[in-house]
Amino acid sequence: MLSERTPLQSTAQADIDEIESLFSISVQPARLEVPAAAVVPERKPSVALAPERKQQQQQQQQYVNKSSSSNPQQGPSIPVSYVPPRPTPDYGSSSSSSYITGAGGGGGGPAAVVGFGSGPVYNTLTEPVWETLKRDVMRVVNNLRNVVFPNPYREDPGKPLRDWDLWGPFFFIIFMALALSYSATTDRSKVFAVVFATLSVGAIVLTLNVQLLGGTIIFLQSLSLLGYCLFPLDVGAIVCLANSSKLYRSLVVLLSLAWSSWAAYPFVSTAVPSSRKALAIYPVLLLYIAVGFLVLANN
Amino acid sequence: MVISWQAEGEQYGHPAVCFFTVLFKFSALAFYVLFSIFVQSFVIQFVVTVLLVALDFWTVKNVSGRILVGLRWWNEVNDQGESVWHYESLDQQTLETLNKKDAWLFWWSLYLTPVAWVALGIVAVIKFNLDYLLVVGVALVLSIANIIGFTKCRKDAKKQIQQFASQTVASHMASTLQSAFSV
């Protein structure tokens, strides 16, 4: 049985390797075509050398990634190609995208088939599990940095997150509900359920509010942003656990509330037309004040 | 467990990935059902179940889909601020080298999980444990999202295969006509 299994695997592996090398060969010259045309013909030998070097580099990358993916927990034995920092849609194989406008679900656009059959290997379809995990974690950290912390390199504070994700908000809401129910003395499960339901339903309702006011923000993007702006209140809830004097807690809650509102204000106000700004920002502040009171009220 | 799977007639292509796919779904359901027998703590039950369901969502979307059936879906916001959904699949050649048993396991577990959660939700309503509907709600939202995403991937893959087939047939016919006329 085992002997039957191994030849099959090795041939499949060899096939995939072959296709992978074909892909890298076929892709490299295509990518370098533009600079080669713009460059003086004398420089052509260096350009011709570059694809070879790049291919070697890629193969080295493959070997490096192969050795790192031999971690028994990860499992997949598919060979790996270099992973770009963002999943861009310019793969050598088929992908179809449907375009939905920001005003909530228009009809699907044209399905763009990009080079079907020119190469079977996708950059993000064959990366090892570790890379995917790392990429998602970095995404959460980056989003947090962009939204919540004062960042001088931020292009435009009013612009909603491009790489939105819902993992950050998910963990923040759960954490907030946990923190509040932990410090509650009576009926912990009720507190937890109420906080979780309030926060999640509140975020959904707030997003709907922004959209109904004529705002141009994508539903999931806005959910993600509102969730990330909850982070300062999470910090406030932790800090409040240190000391149970009313004054201290009020100060901490006030500070974290101000921080949350400062983080949430830009993107909500730029998402709606200027005459409706107050109508959009007021419920957001209300939600955060309510959570702040919950944090304050626990003893 | 892995060794016993290898001894079967047709083996799983990626036993570890299959294992993890089923593990999180199964443990979420099992934990939800069995935990209340031992400890009466809604918070722990909620958090652990939701965590397992979220882990399952991530695993299925990012690992199992890619490796077992060669499909992937995600959402991006492009420069104009529009939301773009991407549905990807490996092309025909590699799709055929994928293990049939893996694919069978993947699709069956994908479709059966929300059915199980709906049943548990009905039980929760009957028992008047409305708090537990929150858990069931979260689990359902995540599993249905995966179903929609992967079914769209599959539909797109089939559409592309048909397009490709028609293209090759058309080009073949054109070349035969050309050769017929040139002779």
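**Group meeting: a predicted two-chain model**

Let me start with one residue. L133(A) sits in helix α3 of chain A, the helix that runs over residues 129–147. Before going on, please keep in mind that this is a predicted model.

Is L133(A) buried, partly exposed or exposed? Its relative accessibility is 33%, so L133(A) counts as partly exposed. The cut-offs are 20% and 50%, and partly exposed is what lies in between, so a value of 33% falls in that class. L133(A) also belongs to a nonpolar surface patch of about 450 Å². The other members of that patch are W130(A), V137(A), M138(A) and V141(A).

Now chain A as a whole. How many helices and strands are there in chain A? There are nine helices and one strand. Going along the sequence, the order is α-α-β-α-α-α-α-α-α-α, so you can find the strand after the second helix by reading the pattern from the left. Chain A has 299 residues, and 41% of them count as buried. About 16,000 Å² of chain A is exposed, with carbon and sulfur atoms supplying 65% of that area. If we take the contacts in chain A with a separation of 6 or more, 67% of them are between residues 24 or more positions apart.

Next, what the record says about chain A. An unreviewed UniProt entry lists the "transmembrane region" label for residues 166–184, 191–212, 218–241, 248–268 and 280–297. I will take two of those ranges and look at the model. Residues 166–184 of chain A are 84% helix and 0% strand, and the C-alpha atoms at the ends are 27 Å apart. Residues 280–297 of chain A are 100% helix and 0% strand, with the end C-alpha atoms 27 Å apart.

A residue to look at in chain A is S256(A). S256(A) is in helix α8, which covers residues 246–271. S256(A) is buried, with a relative accessible area of 6%. What does the side chain of S256(A) reach? It reaches the backbone oxygen of V253(A), at 3.1 Å. Leaving out residues up to four places away in sequence, S256(A) touches P232(A), L233(A) and G236(A).

On to chain B. Chain B has six helices and two strands, in the order α-α-α-β-β-α-α-α along the sequence. It has 183 residues, of which 49% are buried. The exposed area of chain B is about 9,300 Å², and 72% of that comes from carbon and sulfur atoms. Among contacts in chain B between residues at least 6 apart, 67% join residues at least 24 apart in sequence.

The UniProt annotation for chain B, also from an unreviewed entry, places "transmembrane region" at residues 29–58, 105–126 and 132–151. Residues 132–151 of chain B are 100% helix and 0% strand, with the end C-alpha atoms 28 Å apart. Residues 29–58 of chain B are 90% helix and 0% strand, and here the end C-alpha atoms are 16 Å apart. Those residues take in parts of two helices, α2 (15–38) and α3 (42–69).

Those two helices bring me to the salt bridge. How many salt bridges does the structure hold over all chains? One. It joins the side chains of K25(B) and D56(B), at 3.1 Å from N to O. K25(B) is in helix α2 and D56(B) is in helix α3, so the pair ties together parts that are 31 residues apart in sequence. Are the two partners buried or exposed? K25(B) is buried at a relative accessible area of 8%, and D56(B) is buried at 9%.

Two more residues in chain B, and then I am done. F128(B) lies in the loop between α5 (100–126) and α6 (132–182). F128(B) has a positive phi of about 60 degrees, although it is not a glycine. At 70% relative accessibility, F128(B) counts as exposed.

The last residue, S166(B), is found in helix α6. S166(B) is partly exposed, at 42% relative accessibility. A polar atom of the S166(B) side chain lies 2.7 Å from the backbone oxygen of Q163(B).

That is the end of my part.

Conventions: Residues are numbered from 1 along each chain as its sequence is written. Chains are lettered from A and ligands numbered from 1 in the order in which they are written. This is a predicted model: local features need pLDDT of at least 70, side-chain atom pairs count only at pLDDT 80 or more; totals for chains, interfaces and linings use all residues. Side-chain values use heavy atoms; hydrogens and water are left out. Helices (H or I, at least four residues) and strands (E, at least two) are DSSP runs, numbered from the N terminus. Buried means under 20% relative accessible area, exposed over 50%, partly exposed in between (1.4 Å probe, protein chains only). Contact means heavy atoms within 4.5 Å. Accessible areas come from the Shrake-Rupley method with a 1.4 Å probe; for residues, only the protein chains shown count as cover. UniProt positions are given in the numbering used here, feature names are shortened, and annotations may be inferred rather than shown by experiment. Patches are made of residues with over 30% relative accessible area and no salt bridge: like charges are joined within 9 Å, nonpolar side chains (Val, Leu, Ile, Met, Phe, Trp, Tyr) within 5 Å. A salt bridge is a side-chain nitrogen of Lys or Arg within 4 Å of a carboxyl oxygen of Asp or Glu. A polar contact is a pair of N or O atoms within 3.5 Å; within protein, one must be able to donate a hydrogen and the other to accept it, and residues adjacent in sequence count only if both atoms are side-chain atoms.
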